[in-house]
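Hi everyone, thanks for letting me take a few minutes. Let me put the thing on the screen, and then we'll walk through it together.

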Amino acid sequence: MKAAVIVFPASNCDRDLKVALAQAMGRDPDMVWHGDSELPETDLIAIPGGFSYGDYLRAGAMAANSPIMREVVKKAQAGTPVLAICNGFQIATETGMLPGALLRNAGQKFVCRDVDLLITARNERFVGGFEQGEVVRFPVAHHDGNYYADEETLHELEGEGQVAFKYASAEGELTDAANPNGSLNNIAGIYNKAGNVLGLMPHPERLISEELGGTDGKRFFDHLVNSIV
Ligand SMILES: NC(=O)CC[C@H](N)C(=O)O
């Protein structure tokens, strides 16, 4: 299996993502610069977290218009799996690959901590390694993670099983206290309609070994890689 990680100026989770993918795949992913206009042959495209273009204008807004993203959008439309984490999720909404937007956190502060997440929709490729209704723990680190979509879009996302993860208590309850940023319906991650694009604010690539504090992220990547191979 081959994977490509897109790198923008001021991406800062690209190497963590590389390590997580390499650990799961047994080989390094290709690192692809934002200014490139072609993607190497790849079975998975990963858009990492960070502060692409310094979050100038709006988080993800400038990156969404970089040359490589035209190719990413084309491949996504053709069915290539795309994993968009944190700033990657922001970029994916800015390109229109995913609906809605990530607004400033409700508390107006950068939030950096582990969160519990309820797996809310079955998508074999991305979360087949977890049980539906299972609670997993990934870290968040963002100031613009407050998921917003209009009522009709929200209704569609919920109805069509496109909500991937929700912020929850350790017992899986969707409380306000468990929601770190004010996201509507406690939404932490969503799929596109076709189910081949996943965007999520939490960082599975930051919990891939006991030394880092947990292995839920390793489970995520191991399953993703096995389901694509
Ligand atoms: N860790 C990240 O990807 C940060 C995302 C984003 N730039 C924010 O702070 O909202």
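Before I point at anything, one bit of vocabulary: two strands count as a pair if DSSP finds at least two bridges between them. The helices (H or I, at least four residues) and the strands (E, at least two) are DSSP runs, numbered from the N terminus. Residues themselves are numbered from 1 along each chain as its sequence is written. And please keep in mind that this is a predicted model, where local features need pLDDT of at least 70, side-chain atom pairs count only at pLDDT 80 or more, and totals for chains, interfaces and linings use all residues.

Okay, let's start with strand β4, residues 82–85. β4 runs parallel to strand β11, residues 197–200, and four bridges join the two. One of the partners to look for is G199 in β11, which sits across from A84. β4 also pairs with strand β3, residues 44–47, again in the parallel sense, over three bridges. There you can find A46 bridged to L83, and I47 bridged to A84.

Now move along to β3. Strand β1, residues 3–7, pairs with β3 in the parallel sense, with three bridges, and V5 stands opposite A46.

How do β3 and β4 connect with a helix? Together with helix α2, residues 67–77, they make a right-handed β-α-β unit. Right-handed here means that, with the strands pointing away from you, the path from the first strand over the helix to the second runs clockwise.

Next topic: what is covered up? I'll call a residue buried if 20 or more other C-beta atoms lie within 10 Å of its own, exposed if 12 or fewer, and partly exposed in between, with C-beta atoms placed from the backbone. In β4, V82 and A84 on one side and L83 and I85 on the other are all buried. β3 gives a similar picture to look at: L44 and A46 point one way, I45 and I47 point the other way, and all are buried.

Then there's helix α3, residues 87–95. Nine of its nine residues are buried, so α3 is largely enclosed by the rest of the structure. What does the covering? It includes β3, α2, β4, β5 (101–103) and β11. Right after α3 comes G96, with a positive phi of about 90 degrees.

Let's swing over to β9, residues 163–168. Six of its six residues are buried, so to speak a mostly covered strand. β9 pairs in the antiparallel sense with strand β6, residues 111–119, over four bridges, and D116 has A168 in β9 as its bridge partner. β9 is also antiparallel to β10, with three bridges, and there V163 is bridged to I190.

The loop between β9 and β10 (187–191) holds N185, and N186 is in that loop too. N185 isn't a glycine, but has a positive phi of about 55 degrees. N186 isn't a glycine either, and its positive phi is about 60 degrees. Buried or partly exposed, which is N185? It's partly exposed, because 16 other C-beta atoms lie within 10 Å. N186 is buried, because it has 23.

Now D14, in helix α1, residues 14–25. D14 is buried, because there are 23 other C-beta atoms within 10 Å. Its C-alpha atom is separated by 7.9 Å from that of I47, and the two are 33 residues apart along the chain.

On to the core. A nonpolar core is a set of buried Ala, Val, Leu, Ile, Met, Phe, Trp, Tyr and Cys residues joined through C-beta atoms within 7 Å. The largest one has 69 residues, and I6, A84, L117 and A164 touch the most other members. As a general point, nonpolar side chains tend to be buried together in soluble globular proteins.

Last stop, the ligand. How many residues surround it? There are 13, and the closest are G49, C86, N87, H142 and D144. A residue goes on that list if its C-beta atom, placed from the backbone, lies within 6 Å. By class, the shell has five nonpolar, six polar and two charged residues. For those classes, Ala, Val, Leu, Ile, Met, Phe, Trp, Tyr, Cys and Pro are nonpolar, Asp, Glu, Lys and Arg are charged, and the others, Gly among them, are polar.

That's my tour, thanks for listening!

Key: Contact = placed C-beta atoms within 7 Å.
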